[in-house]
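Please find below my note on the model, set out as numbered points. The helix comes before the rest.

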Amino acid sequence: MTRPLPAEPRKPLTKHQFAMLALRQEGKCGCGCGRKLDFQTPRAITDEHILALFEGGSNDLDNRALYVTDPCAKVKTAGEKPVQAKIRRRQGKTGQQKRLRERGHGSIPKPKVSGLSKDNRFYRKPEWPKGRKLASKGFER
Ligand SMILES: [Zn+2]
């Protein structure tokens, strides 16, 4: 398995780049919703990385777009959260593997995959424990 390259640090757009993008997008949101970019209100426009940096995207202008901050940029960023979390877990930065390592355990051994495991002819439903009733014992008074 190849590890993803470390993400490039985020670079802010220069004024020139910002203007280039605004022109390229004809003053409209980069997500394709057709909303007009609001150049008057502070923070109404967010410059986004089309392919996020953590997914290997670059800071090049080709990979940048101006989004209406709310909702477009927020929705895009929110959609990336689970992917980002998964990558972080894979890299062992968060999650079970990290906690185990901190407690001095090695990595969890992977279950052995036998020829049978994918063959559900041999799968049996777990049975209820025998000799036990599921009925309530009631309350003691
Ligand atoms: Zn949009």
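1. In this predicted model, helix α2 bends by about 35 degrees at Lys81, and a proline, Pro82, follows within four residues. The bend at a residue is the angle between axes fitted to the seven residues ending there and the seven starting there. Helices (H or I, at least four residues) and strands (E, at least two) are DSSP runs, numbered from the N terminus.

2. What span should the 22 residues of α2 have at 1.5 Å a residue? The expected value is 32 Å, and the end C-alpha atoms are 30 Å apart, which agrees. The expected span is 1.5 Å times one less than the number of residues in the helix. After α2 comes Gly92, with a positive phi near 75 degrees.

3. Another proline, Pro71, also lies in α2. The peptide bond that joins Asp70 to Pro71 is cis, with omega near 15 degrees.

4. Some conventions apply to these points. Residues are numbered from 1 along each chain as its sequence is written. Because the model is predicted, local features need pLDDT of at least 70 and side-chain atom pairs count only at pLDDT 80 or more, while totals for chains, interfaces and linings use all residues.

5. pLDDT is the predictor's confidence in each residue, from 0 to 100. The chain averages 83, and 71% of the residues score at least 70. In the chain, confidence is lowest in helix α3 (residues 96–102), at a mean of 87, and highest in β2, at 97. Where pLDDT is low, the predicted coordinates should not be read in detail.

6. The chain has 3 helices and 2 strands, in the order α-β-β-α-α from the N terminus. Strands β1 and β2 pair in the antiparallel sense over 5 bridges; pairing requires that DSSP find at least two bridges between the strands. Within this pair, Asp47 stands opposite Leu66 in β2.

7. Is β2 covered or exposed? It is mostly covered, with 5 of its 5 residues buried. A residue is buried if 20 or more other C-beta atoms lie within 10 Å of its own, exposed if 12 or fewer, and partly exposed in between, with C-beta atoms placed from the backbone. Arg64, Leu66 and Val68 point one way from β2, and Ala65 and Tyr67 point the other way. Of the 141 residues of the chain, 9% count as buried.

8. The largest nonpolar core has 8 residues: Cys29, Ile45, Ala65, Leu66, Tyr67, Val68, Cys72 and Ala73. β2 (64–68) and α2 (69–90) are the elements that give two or more residues to this core, and the largest share, 4 residues, comes from β2. Such a core is a set of buried Ala, Val, Leu, Ile, Met, Phe, Trp, Tyr and Cys residues joined through C-beta atoms within 7 Å.

9. Thr46 belongs to strand β1 (residues 45–49) and is partly exposed, with 18 other C-beta atoms within 10 Å. Its C-alpha atom is separated by 5.7 Å from that of Leu66, 20 residues apart along the chain. Leaving aside neighbours within four places in sequence, Thr46 is in contact with Tyr67, Thr69 and Ala73. Contact means that the C-beta atoms of two residues, placed from the backbone, lie within 7 Å.

10. Two residues other than glycine have a positive phi: Glu26, near 55 degrees, and Arg43, about 65 degrees. Glu26 lies in the loop between α1 (15–24) and β1, as does Arg43. Glu26 counts as exposed because it has 8 C-beta neighbours inside 10 Å; Arg43 is exposed, with 9 other C-beta atoms within 10 Å.
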